[in-house]
Amino acid sequence: LEQYCHFTSPIRRYPDLMVHRMVKEALLKKSATFEAEKNSSAWIADHSSEMERVAAKAEHQSQLVKLIEYLQGFIGERFETLIYSVSTFGAVLRRMENTVLGFIPIEELGDEYFSYNPERSTLTGSDTGMVYRIGQKLEVVLAEADWHSREVRFKMAPRFE
């Protein structure tokens with residue numbers, strides 16, 4: 001289509017309100033400012049999108065700070081987590097009860113070299129052949145919840161034999 005617009009109902013975002021106003025004016029009666037609004041609509045859309053991203057980032061950061069503040073009371077406790085992603089540096093873990101994301105450095109996985117396979121998203125130990133992959137459960141201990149750096153770090157839980 002050469003021309004297309006979309007907005008949600010009820011209107012919750014400024015871009016939706018802008019589109020709604022312009023459609024209403026185009027169908028009913030164009031105001032004195034209609035042409036100016038039409039000519040600046042690309043800038044308004046870009047600016048609104050940028051401000052929406054800024055607001056979403058601020059919302060995420062404020063939630064993260066509060067979550068880390070809450071987690072400070074659980075440092076040293078054992079949790080069951082799932083591996084959310086792996087990299088050459090370690091793995092991102094998701095705590096199952098409350099979906100907290102945290103990091104476990106590769107050094108915490110064992111006293112061996114771990115090779116990263118990006119196609120399979122795995123870390124494999126050179127000596128033991130131990131494989132860590134997305135979706136795998138891990139028993140870990142919450143080692144750090146630092147709100148200054150906004151980081152949550154885990155370490156492997158000791159095994160009880």
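Read from the N terminus, the protein chain runs α-α-α-β-β-β-β-β-β-β-β. In other words, this predicted model has three helices and eight strands, with the helices coming before the strands.

How does the overall build compare with a simple ball? A compact globule of 161 residues would have a radius of gyration near 15 Å, whereas the protein chain comes out at 24 Å. The box around its C-alpha atoms tells more about the outline: along the principal axes, the box spans roughly 80 × 40 × 25 Å.

Next comes the split between inside and outside. Just 27% of the 161 residues of the protein chain count as buried. The chain exposes about 11300 Å², and carbon and sulfur atoms supply 55% of that area. As for charge, there are 20 positive and 24 negative ones, and the mean positions of these two sets lie 8 Å apart.

Contacts show how the sequence folds back on itself. Taking the contacts with a separation of 6 or more, 44% involve residues 24 or more positions apart.

Thr-122 makes a handy close-up. This residue sits in strand E5, which covers residues 122–125. Thr-122 has a relative accessible area of 6%, so it counts as buried, the cut-off being under 20%. Which residues does Thr-122 touch, leaving aside those up to four places away in sequence? On one side of the numbering there are Val-86, Ser-115, Tyr-116 and Asn-117, and on the other Val-131, Tyr-132 and Arg-133.

Technical notes:
Residues are numbered from 1 along each chain as its sequence is written. This is a predicted model: local features need pLDDT of at least 70, side-chain atom pairs count only at pLDDT 80 or more; totals for chains, interfaces and linings use all residues. Side-chain values use heavy atoms; hydrogens and water are left out. Helices (H or I, at least four residues) and strands (E, at least two) are DSSP runs, numbered from the N terminus. The radius of gyration is taken over C-alpha atoms; the globule rule is 2.2 Å times the number of residues to the power 0.38. Buried means under 20% relative accessible area, exposed over 50%, partly exposed in between (1.4 Å probe, protein chains only). Contact means heavy atoms within 4.5 Å. Accessible areas come from the Shrake-Rupley method with a 1.4 Å probe; for residues, only the protein chains shown count as cover. Lys and Arg count as positive and Asp and Glu as negative; His and the chain ends are not counted. The place of a charge is taken as NZ of Lys, CZ of Arg, CG of Asp or CD of Glu.
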